[in-house]
Amino acid sequence: MQDLPIHPWLINTVGFVIGTVFGIVAHRTHFCAVGSIADVLNMGSWTRARMWLLAVATACMGLWALEAGGWVDPGQSIYAGTRLPWLSIIVGGLMFGAGMVLASGCTGKTLIRLGAGNLKSLVVFLVLGLTAYMTLRGVFGVWRVATIDRVFLELEAAQTLPALIASASGAGGASFERWIAPVIGAGLLTFSLASRTLWREERSAVWGGLAIGGVIIAGWWTTGWLAFVPEHPDTLEPAYISTQLNRPESFSLAAPYAYLIELLTLWSDQSRKLTFGIASALGIVVGAFVHARMTGRWRAEIFPSASDFGRHLLGAALMGTGGVLAMGCTVGQGLSGLSTLSLGALIATASMIAGAVAMMKFDYWRLAR
């Protein structure tokens with residue numbers, strides 16, 4: 001193998017560093033998809049939901065700027081394909097949403113809780129990674145390919161909103177690509193910041209949302225520009241070094257769970273490599289650990305009962321399987337995917353929210369009996 005113009009370890013190191021930033025910020029601000037939904041349902045508080053939307057707005061506008069400057073081509077990502085497996089995305093999203101309620105957090109929150117000493121999250125991590133791998137390449141994967149993956153729509157254009165609108169109107173794509181993203185981003189930004197409570201009492205939610213959005217932008221820049229090689233010395237084709245699918249990507253955590261377990265169990269197999277996704281996931285754990293230790297919030301926590309253990313096992317299995325079916329988690333689809341304005345990401349995120357709400361409602365009903 002000839003020497004690459006950029007070493008994969010550089011990409012992985014950058015991924016680890018920005019993952020560490022994600023872990024520190026998320027632990028400091030309690031950034032969490034499940035928590036956001038629960039706050040709205042239980043207390044009518046939109047603070048963490050606004051923080052999440054602020055992160056989406058920041059990432060959306062940042063990616064638009066990178067694309068406009070010629071730094072990143074999001075059209076090469078998995079979020080912009082013409083094949084839309086809508087049934088798989090909906091079913092997977094519902095499963096993932098229900099699972100993250102049962103497991104006390106999504107993929108990102110699991111890593112953060114693990115870094116903060118929560119041993120329950122270690123079990124969730126292992127089961128989630130195993131079931132995700134089984135759905136990618138194992139027994140569940142055979143079922144997935146033979147059934148649910150066969151239901152899809154083949155679109156005439158990329159599944160991003162600007163491309164779809166341009167295709168439907170027959171207009172040239174450039175004007176839509178130029179203005180739809182910043183307009184939607186500005187709208188989300190305005191809604192996110194239109195709260196006096198947010199500015200008076202919860203300012204950490206403001207900088208937290210901006211920082212998480214910035215991390216997503218950094219992920220796109222790292223894999224879409226820094227890792228891009230116009231001509232790989234071995235294949236003589238364009239390549240994105242140290243990415244899992246040889247495409248530009250940002251933070252996504254469902255598949256990296258599986259790939260990390262694969263890497264650790266097949267370490268002697270030289271074809272298995274550390275990637276940006278795995279490195280960024282490890283960075284989240286380290287970032288949460290560092291912040292938890294510095295603030296005295298590190299606490300060892302175990303399962304209080306057999307029922308709690310079973311609940312977390314089921315939640316982890318649902319997230320692992322659902323995350324693969326939905327082509328991402330609340331970070332992969334809910335942040336990175338939404339920053340591209342992908343139709344698939346919108347469907348996946350809505351399905352995850354619906355699944356989480358349904359599971360929370362079921363828990364309320366069960367406890368009220």
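1. Phe191 has a relative accessibility of 36%, so it counts as partly exposed in this predicted model. Trp46 falls in the same class, partly exposed, at 41% relative accessibility.

2. The structure holds 12 aromatic pairs. In one of them, the rings of Phe22 and Phe251 are stacked, because their planes meet at 15° with the centres 5.6 Å apart. Phe22 belongs to helix H1, while Phe251 sits in the loop between strand S4 (239-240) and helix H12 (254-265), so this pair ties together parts that are 229 residues apart in sequence. Both Phe22 and Phe251 are buried.

3. Trp46 and Phe191 make an edge-to-face pair, because their ring planes stand at 85°, with 6.2 Å between the centres. Trp46 is in the loop between helix H2 (33-43) and helix H3 (47-68), and Phe191 is in helix H9 (residues 173-193); the pair links distant parts of the chain, 145 residues apart.

4. One aromatic cluster is formed by Phe22, Phe31, Trp52, Phe251 and Phe276. Phe22, Phe31 and Trp52 also appear in the lining of the second largest cavity.

5. That second largest cavity has a volume of about 50 Å³. Its lining also includes Ala26, Cys32, Ala33, Cys106, Gly108, Lys109, Ile112 and Val331. By class, the lining residues divide into nine nonpolar, one polar and one charged. Helix H1 (8-29) and helix H5 (107-115) each supply at least two of the lining residues, and H5 gives the most, with three.

6. Two cavities of 30 Å³ or more are present in the structure. The largest holds about 60 Å³ of space. Among the residues lining the largest cavity are Ile78, Tyr79, Arg83, Pro85, Ile89, Gln159 and Met327. Gln333, Ser342, Gly344 and Ala345 are also part of this lining. The division here is six nonpolar, four polar and one charged.

7. Arg83, one of the residues lining the largest cavity, has its charged end over the ring of Phe152, 4.1 Å from the ring's centre. A second case is Arg293, which lies over the face of Trp298 at 5.3 Å from the ring centre.

8. Ser280 is located in helix H13 (residues 276-295). Its relative accessible area is 1%, so Ser280 is buried. Leaving aside neighbours within four places in sequence, Ser280 is in contact with Gly15, Phe16, Gly19 and Phe251. Phe251 is itself buried and is a member of the aromatic cluster with Phe22, Phe31, Trp52 and Phe276.

Notes
Residues are numbered from 1 along each chain as its sequence is written. This is a predicted model: local features need pLDDT of at least 70, side-chain atom pairs count only at pLDDT 80 or more; totals for chains, interfaces and linings use all residues. Side-chain values use heavy atoms; hydrogens and water are left out. On a 1 Å grid over the protein atoms alone, a cavity is a set of points where a 1.4 Å probe fits but cannot get out, and a pocket is an open set with protein on both sides within 12 Å along at least five of seven lines; lining residues have an atom within 4 Å of a point. Grid points are joined across faces, edges and corners, and a volume is the space filled by probe spheres set on the points. Ala, Val, Leu, Ile, Met, Phe, Trp, Tyr, Cys and Pro count as nonpolar, Asp, Glu, Lys and Arg as charged, and the others, Gly among them, as polar. Helices (H or I, at least four residues) and strands (E, at least two) are DSSP runs, numbered from the N terminus. Buried means under 20% relative accessible area, exposed over 50%, partly exposed in between (1.4 Å probe, protein chains only). Contact means heavy atoms within 4.5 Å. Rings of Phe, Tyr and Trp (its six-membered ring) pair if their centres lie within 6.5 Å; planes under 30 degrees apart count as stacked, over 60 as edge-to-face and the rest as tilted. A charge sits over a ring if NZ of Lys or CZ of Arg is within 6 Å of the ring centre and within 35 degrees of the ring normal.
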